[in-house]
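Hello,

Here is the structure I said I would pass on. My notes on it follow below.

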Amino acid sequence: MAELAYEMLVEVMPFALVVLQNNPNIMTLDGTNTWLLRTADADRAILVDPGEDDETHLTAVLEAAGTLDSIVLTHGHYDHCQVAARVHDLTGAPVRAIDPSLCLGGEALADGESIDAGGLRVQVWATPGHSADSASFVITPPEGGGAVLTGDTILGRGTTVVAYPDGDLGAYLASLQRLRELGDITVLPGHGPVPGAAGPVAQFYLDHREQRLQQVRDALVALGADASARAVVEHVYTDVDEKLWEHAEWSVQAQLDYLRP
Ligand SMILES: [Zn+2]
């Protein structure tokens, strides 16, 4: 993916443009990717994940957006959706998400439905796991060579958290297996650069999860079956920056729930 500058519109694919929000941190990586989906000759765009509430970002997104068909959300974490209501107020475009409580002027997204806008067919896939309301969007342009927007389900670098208690590891593994079937279409993540094609990237995530699960099983043998999530983190996540341990604790809690049904 081309090097991104904050709050600048960049064409990543002929039908997928990004405005990178200047909100980098350990969870958002370089910042939030706000996506605009439209072909060159389309008169309306689909806006995906407008981002955090911030004047500079809002201005950049509105300038880039043109006329909007709709505002869709990959999930309800604030770094993706916080400014959605203001974009709705300013443009009149409906906000749509899996979680009905996030919708404004439009219906909740349903698994399998297609949005035909921006010169594209965009199919909604419910991909729960990172959060219960996580969605991915499979984009089919008229000339072929599609892409999938994955929000935080697949990131541009490293791996993601299963956000306990809302996330669910069993659901997450099923979502990754489903995304893997997309094969060689390009992953457009919610944070970070394009990591590659859906098939191999989803497989990498599945392998990582299986490896972590085995480490947690081993930790429970070493520490005792009723070990706390924190104790497991300190045993397993020795290769991860301590600043991430609090988040790792959520992931471990989700793994413990998975292993101790
Ligand atoms: Zn998230």
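Subject of these notes: one loop residue, the cores and two helix pairs

Threonine 153 sits in the loop between β10 and α4. This is a predicted model, and what follows should be read as such. With a relative accessibility of 1%, threonine 153 counts as buried, since the cut-off for buried is under 20%. Setting aside residues up to four places away in sequence, threonine 153 touches Thr127, His130, Ser134, Thr160, Tyr172, Leu176, Leu179 and Tyr205.

Next, the nonpolar cores. The largest has 24 residues, and Leu37, Phe137 and Ile139 are the ones that touch the most other members. Two or more residues of this core come from each of β1 (9-13), β2 (16-20), β3 (33-37), β4 (45-48), β7 (114-117), β8 (120-126), β9 (135-140) and β10 (147-151). Another core, of 21 residues, lies apart from it; Val148, Val162, Leu173 and Ile185 are among its members.

Two residues of the largest core deserve their own entries. Once neighbours within four places in sequence are left aside, leucine 37 is in contact with Phe15, Ala16, Arg44, Ala45, Ile46, Val48, Gly118, Leu120, Val122, Ile139 and Leu149. Phenylalanine 137 belongs to strand β9 and is buried, its relative accessible area being 0%. Under the same kind of exclusion, within four places in sequence, the contacts of phenylalanine 137 are Val48, Val72, Leu73, Thr74, Leu109, Val122, Gln123, Val124, Ala147, Val148 and Leu149. From phenylalanine 137 to leucine 120 there are 17 residues in sequence and 11 Å in space, taken C-alpha to C-alpha.

Valine 95 is another buried position, at 0% relative accessibility. Valine 95 is part of strand β6 (residues 95-96). Not counting residues up to four places away in sequence, valine 95 touches Ile71, Leu73, Ala84, His88, Leu102, Cys103, Leu104 and Gly106. As for a longer separation along the chain, glutamine 214 is 119 residues from valine 95, and their C-alpha atoms are separated by 40 Å.

That leaves the helix pairs. Helix α1 (residues 55-65) and helix α3 (residues 84-91) have axes that come within 11 Å and cross at roughly 45°. The two helices, α1 and α3, are therefore oblique to each other, and their crossing is right-handed. On the α1 side the contact involves Glu55, Leu58 and Leu62, which meet Arg86, Val87, Leu90 and Thr91 in α3. Sorted by class, this contact of α1 with α3 has four nonpolar, one polar and two charged residues.

For helix α4 (residues 169-180) and helix α7 (residues 245-259), the axes come within 8 Å and cross at roughly 95°. That angle lies in the range 65 to 115 degrees, so α4 and α7 are roughly perpendicular to each other. Leu169, Gly170 and Leu173 of α4 make the contact with Ala254, Gln255 and Tyr258 of α7. By class, four nonpolar and two polar residues take part in the contact of α4 with α7, and no charged ones. Leu173, named here on the α4 side, is also one of the members of the core of 21 residues.

Regards

Key
Residues are numbered from 1 along each chain as its sequence is written. This is a predicted model: local features need pLDDT of at least 70, side-chain atom pairs count only at pLDDT 80 or more; totals for chains, interfaces and linings use all residues. Side-chain values use heavy atoms; hydrogens and water are left out. A nonpolar core is a set of buried Ala, Val, Leu, Ile, Met, Phe, Trp, Tyr and Cys residues joined through side-chain atoms within 4.5 Å. Buried means under 20% relative accessible area, exposed over 50%, partly exposed in between (1.4 Å probe, protein chains only). Helices (H or I, at least four residues) and strands (E, at least two) are DSSP runs, numbered from the N terminus. Contact means heavy atoms within 4.5 Å. Axes are lines fitted to C-alpha atoms, for helices over the stretch in contact, and angles run from 0 to 180 degrees between N-to-C directions. Angles under 35 degrees count as roughly parallel, over 145 as roughly antiparallel, 65 to 115 as roughly perpendicular and the rest as oblique. A crossing is left-handed if the near helix is turned anticlockwise from the far one by less than a right angle, and right-handed if clockwise. Ala, Val, Leu, Ile, Met, Phe, Trp, Tyr, Cys and Pro count as nonpolar, Asp, Glu, Lys and Arg as charged, and the others, Gly among them, as polar.
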